[in-house]
Amino acid sequence: MIAWSAEQKLLEKTVSEFAKKELLPLASEIDEKETWNEAAFRKMASLGLLGITVSEEFGGIQLGALEATLVMEILGKACASTTLSYLAHTILTVNNLFLNASESQKQKYLPDLVAGTKIGAMAMTEPGAGSDALGMTTRAEKRGNKYILTGSKTYITNGAYADVLVVYARTGSGRKDISTFIVEKDFPGFKVSKKLKKMGMKGSPTAELSFDQCEVPEANLVGKENESVSHMMNNLNMERVTISGISLGIAQACLDYATQYASERTQFGTPLNQFQMIQERLAEMATQLAAGKALVYSAAQAFDRGERSMSLGAQCKLFTAKMATEAGLEAIQILGGYGYMREYPVERFMRDAKLMEIGAGTNEVMRLIIARELYK
Ligand SMILES: Cc1cc2nc3c(=O)[nH]c(=O)nc-3n(C[C@H](O)[C@H](O)[C@H](O)COP(=O)(O)OP(=O)(O)OC[C@H]3O[C@@H](n4cnc5c(N)ncnc54)[C@H](O)[C@@H]3O)c2cc1C
């Protein structure tokens, strides 16, 4: 499907070994206990993964969207929720700062984030502004040499544990008057107001955050006032390509588990995999997965060539998110009653997959973006 280079194959091998050793054994436990695999997360730094798109100057390994997507896929196959937190850290926070922050901001924040001594999060969504992100009401007002942030953000991945947050806030009266701020967890007025309980992705902490006259030094404004919409959209585009890797990983886990199970489980004196209706399900899953991989890898390569298409990113996200949820449901069906039981991982795969149809923009919003492009 794709002619992987020797370096990419080595990356795949190294990350697969890491995922098998550090993520897979705890995936079920962190889902059950709703905790996160902090140790593995921080250990990713030793492989350079926390700065996958960042230059060596800041401790990173500066690979492209294709490699970042491949890493999401491998990690996502082992533990989707740890991978969601990884995405929020590396793509939404670290890559965002690497592309948009000033030299001094990068010097100050990136080395710790890349070394895993600090955790990152990105806060855009608000209780009243999800799909309509530009409808956000969190405001930042300049007072002396500080900005005062007031408002709240919700569903923020890593929000409860983040040391450094990239926060979007309104700085003018126009709809697009949005600016980006770097907020440290100890800034006065910042508070984690609630840790949220979820259906899936339970090993990825999600929180509601409050900014009550939160004091942010003016040096922490990223770029210029009122000019962040393009950062936000570019970052969302990169997110949608790379997050598709998590969907591919979940679907692969569903297919692998169901294929194995169907070869071991016998009914009517025959292994399940000899029944044509089971074969059909597996064949369909494999075909959808192959199509998803072809789409996502080619989109990631286009991204690395500098081609920017919001529609292509949306297509990747839409196709693979639906495919992963469907793969989860199919895997449950192939396992029958066992598929519905918590002792087996496939119901978790399905619960995790469903988030892929909501986070980073819902399926409906992806369709709006794609349709808009058709009529351009
Ligand atoms: C686990 C999790 C982690 C997340 N992590 C982050 C994070 O780290 N940072 C962050 O900023 N955000 C994060 N989000 C927020 C996520 O991006 C939003 O949930 C998402 O964009 C949808 O917004 P909403 O939940 O407010 O839904 P709404 O916008 O209220 O949508 C509700 C329904 O209406 C539909 N809808 C809305 N508008 C239209 C329309 N114009 N046409 C047709 N249908 C429409 C939607 O598709 C959806 O089905 C996370 C969410 C979750 C669940």
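How do the residues of the shell around the ligand divide into nonpolar, polar and charged? In this predicted model, the shell comprises 12 nonpolar, eight polar and two charged residues. Altogether, 22 residues surround the ligand, and the closest are Met124, Gly130, Ser131, Thr362 and Glu364. Three elements each give two or more residues to this shell: strand E1 (120–123), strand E3 (146–157) and helix H12.

The position of the ligand may also be described in terms of domains. Residues of the shell come both from domain 2 (121–222) and from domain 3 (229–374), and the ligand therefore lies between these two domains.

Attention may now turn to the backbone. Most residues other than glycine have a negative phi. Alanine 360 has a phi near 60 degrees, which is a positive value in a residue other than glycine. This alanine is placed in the loop between helix H11 (346–355) and helix H12 (363–374). Helix H12 is also one of the elements that give two or more residues to the shell around the ligand. Alanine 360 counts as buried because 24 C-beta neighbours lie inside 10 Å, where the criterion for burial is 20 or more.

A positive phi is also found at glutamate 34, a residue other than glycine, with a value near 55 degrees. Glutamate 34 belongs to the loop between helix H2 (27–33) and helix H3 (38–43). Is this residue buried, exposed or partly exposed? Glutamate 34 has 14 C-beta neighbours inside 10 Å and so counts as partly exposed.

Methods
Residues numbered from 1 in each chain as written. Predicted model: local features only at pLDDT ≥ 70, side-chain atom pairs only at ≥ 80, totals over all residues. Helix = DSSP H or I, 4+ residues; strand = E, 2+ residues; numbered from the N terminus. Buried ≥ 20, exposed ≤ 12 C-beta atoms within 10 Å, placed from the backbone. Near = placed C-beta within 6 Å. Nonpolar A, V, L, I, M, F, W, Y, C, P; charged D, E, K, R; others polar. Domains from an automatic or database assignment.
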